[in-house]
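Visitor: Could you take me closely through a single part of this model, and set out how that part sits against what surrounds it?

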Amino acid sequence: MAAPVTRQVSGGTGLALAPASTGPENGQPLEAAVAELPVLDASGKRVPFGALFRERRAVVVFVRHFLCYICKEYVEDLAKIPKSFLQDANVTIIVIGQSSYHHIEPFCKLTGYSHEIYVDPEREIYKRLGMKRGEEIASSAQSPHVKSNLLSGSLRSLWRAVTGPLFDFQGDPAQQGGTLILGPGNNIHFIHRDRNRLDHKPINPVLQLVGVQQVNFTNRPAVVHV
């Protein structure tokens with residue numbers, strides 16, 4: 001049986017360049033109107049957001065956009081979570097992007113990600129959950145999930161943009177993401193809104209909250225930012 005989930009909300013200080021967030025907070029259920037908003041799967045099929053966690057607990061990760069190298073490397077680590085770990089805790093991992101659904105399969109192939117993934121191309125759920133748009137000047141701990149430095153990562157993102165079948169950023173580059181623990185039903189157990197592109201929630205503390213076995217992400221070279 002999965003360990004009980006501790007309810008908490010992310011915080012932080014710093015000079016905000018983005019508007020103050022609005023949306024559900026600690027202990028508040030997800031609004032029914034938000035649960036009814038659609039996401040799209042890789043075939044373009046519309047699925048109500050709330051249906052993804054109506055009968056189960058889910059870790060839902062909203063990413064910035066599919067060309068963001070930081071999001072790519074974070075999702076590469078999500079891909080390393082064994083499905084058996086999730087099944088043992090009766091938990092699912094869901095990634096939600098904000099591109100066209102046509103970008104889902106190439107992104108999964110690029111990252112090796114095989115858990116659930118959908119898109120919210122109008123960013124309506126991002127907005128209703130209070131996800132930030134723009135960057136906050138706030139200190140963020142060095143992420144254990146980012147392998148590239150700023151220069152090399154940005155160059156690879158640009159190269160993917162110009163060589164892809166559709167020259168676009170696969171989403172709004174100013175949109176930030178976040179992490180939630182939801183379900184069963186419209187229960188919100190945890191919410192973290194990213195303040196900037198490096199502020200995503202480390203994976204293992206989230207897994208711990210839902211009783212999923214920890215994963216070793218450390219077998220990689222150290223990261224040097226420039």
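**A close look at helix H4**

Guide: A convenient place to begin is the end of the helix, where H4 is followed by glycine 112, a residue whose phi is positive, near 75°. The model is a predicted one, and the description that follows should be read in that light.

Within H4, which spans residues 104–111, the buried residues are Ile104, Phe107, Cys108 and Thr111. Because these residues cover an arc of only 100° around the axis, they lie on the same side of H4. An α-helix has 3.6 residues a turn, so residues three or four places apart point the same way. On the other side of H4, by contrast, Glu105 and Lys109 are exposed. The cover over the buried residues of H4 includes strand S2 (38–40), strand S6 (116–119) and helix H2.

Of these, H2 deserves a fuller account. Helix H2, residues 69–78, packs with H4 at an angle of about 65°, and the axes of the two helices are 9 Å apart. Since angles of 65 to 115 degrees count as roughly perpendicular, H2 is therefore roughly perpendicular to H4, and the crossing of the two is right-handed. On the H2 side the contact is made by Cys71, Lys72, Val75 and Glu76, while H4 contributes Phe107, Leu110 and Thr111. Taken by character, the residues of this contact divide into four nonpolar, one polar and two charged. Phe107 and Thr111 thus appear both among the buried residues of H4 and in its contact with H2.

Methods:
Residues numbered from 1 in each chain as written. Predicted model: local features only at pLDDT ≥ 70, side-chain atom pairs only at ≥ 80, totals over all residues. Heavy atoms only, no water. Axes fitted to C-alpha atoms, helices over the stretch in contact; angles between N-to-C directions. Helix = DSSP H or I, 4+ residues; strand = E, 2+ residues; numbered from the N terminus. Parallel < 35°, antiparallel > 145°, perpendicular 65-115°, else oblique. Left-handed = near helix turned anticlockwise from the far one by under 90°. Contact = heavy atoms within 4.5 Å. Nonpolar A, V, L, I, M, F, W, Y, C, P; charged D, E, K, R; others polar. Buried < 20%, exposed > 50% of the residue type's maximum accessible area, 1.4 Å probe, protein only. Arc of directions from axis to C-beta.
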